[in-house]
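This report describes a predicted protein–DNA model, beginning with polar contacts and ending with the sheet. The sequence and the structure are shown first.

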Amino acid sequence: MEWTHVITGPYNFNQALKRLKIDPLLTLNVVEETLTLPIWIEDNPVTVTVKQVGTFEEPMFHIQVTDHEKVTKEAITEKLTHLFHWDTPLAAIADFFEKTELAHLFQQYRGTPFVCDSQLYGSLMKTIIHQQLNMAFAYTLTERFVKSFGFQHEGAWFYPSPEKVANLEPAQLRELQFSQRKAEYVIDTSRMIAEGDLNLNELVQLPNEQVIETLVKIRGIGPWTAENFLMFGLGRMDLFPIQDIGIQNAMKKFYDWEAKPLHAVMLEKSKEWKPYRTYASLYLWESIET
DNA sequence: GACCAGGCGCACC
DNA sequence: GGTGCGCATGGT
């Protein structure tokens, strides 16, 4: 089935795609402005292709999915609306930042949406895998993980189930060049999910502080991972991960500082960006893309 | 070859 | 409750 979905502009789909392009697991075409995504509707893996057919000011999307008896257009549109921030008032956010020190960035990247990870469990695994590594190698490791243990469905790569990962041995991840510790974090966290000791879908209901409190109790998940999961997994709007080396470097560059900022300085500066600190984070990250 | 990457836990104090 | 260190490997 296929249909068209219209949203309120501005919306810079192309800028979002440029960012997603570094993920080797995604199928996308920046010129054609198409993206094929693995998503879950209830317990059904669904591959959906989204193509931008409108403009920056009047955005419109052509959505295509193979017919599925258990999946409705409405459910998919709702999911995509969440993932792509289609209902986020990007013009109002740009106006909000107009009176802040980041005004210049929000003019430069006006209309650029924050795009979430399309799989909740996958988002947590990806974030653990990405800890401390440079982006290129982090994506390589994640790609090996998904292509070794996940599955391909109608051209999109889906993460394996937590149950499957729970039954892996660390040695199987070491072969992919995971560190021993990272292998344990991924497997042990998956085991908690598989055994019902951690329910990611229940976290959707909780406020940020309780999600962080829950997640950081788990060995291998610290503040950076919890905050990134809140942003990329749950799509929360007001996170500013001060441990993030990318944000530290971006602030150093933006403010023309000699060295990376202290955490206290980052907290002080970010106060005026509430309640949209996720967008401040995104646009700072954008500002150091090469 | 050193040093840093979209951190974290653990061993020490 | 703070500080130092190891982790695997790629990029600079």
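In this predicted model, an N or O atom in the side chain of Gln132 is 3.2 Å from a base nitrogen of DNA strand C. This is listed below with other polar contacts, that is, pairs of N or O atoms within 3.5 Å.

| Residue | Protein atom | DNA atom | Distance |
|---|---|---|---|
| Gln132 | side chain | base nitrogen, strand C | 3.2 Å |
| Arg181 | side chain | base nitrogen, strand C | 2.6 Å |
| Gln180 | backbone | phosphate oxygen, strand C | 2.2 Å |
| Asn228 | side chain | base nitrogen, strand B | 2.9 Å |
| Gly222 | backbone | phosphate oxygen, strand B | 2.9 Å |
| Lys260 | side chain | phosphate oxygen, strand B | 3.2 Å |

A residue is near a strand if one of its heavy atoms lies within 4 Å of it. Around DNA strand C these residues include Leu133, Asn134, Phe137, Gln177 and Ser179. The surface near DNA strand C comprises two nonpolar, five polar and one charged residue, where Asp, Glu, Lys and Arg count as charged, Ala, Val, Leu, Ile, Met, Phe, Trp, Tyr, Cys and Pro as nonpolar, and the others, Gly among them, as polar. Of the atoms of DNA strand C within 4 Å of the protein, 50% belong to sugar or phosphate and the rest to bases.

DNA strand B is surrounded by 26 residues, the closest being Gln132, Met135, Gly220, Thr225 and Phe232. Sugar and phosphate make up 56% of the atoms of DNA strand B that come within 4 Å of the protein. The surface near DNA strand B divides into 11 nonpolar, 10 polar and five charged residues. Helix α12 (223–233) gives the most to that surface, with five residues. Helices here are DSSP runs (H or I, at least four residues), and strands are E runs of at least two.

Turning to the sheet, five strands form an open, antiparallel arrangement in the order β1-β5-β4-β3-β2; two strands pair if DSSP finds at least two bridges between them. Strands β1 (2–6) and β2 (27–29) stand at the edges with a single partner each, so one side of each has no neighbour in the sheet. Five bridges join β4 (residues 44–52) to β5 (residues 60–65), and Thr49 has Gln64 as its bridge partner in β5.

Residues are numbered from 1 along each chain as its sequence is written, while chains are lettered from A and ligands numbered from 1 in the order in which they are written. Local features need pLDDT of at least 70, side-chain atom pairs count only at pLDDT 80 or more, and totals for chains, interfaces and linings use all residues, while side-chain values use heavy atoms, with hydrogens and water left out.

Note on methods:
Polar contact = N/O pair within 3.5 Å; in protein donor to acceptor, adjacent residues only side chain to side chain.
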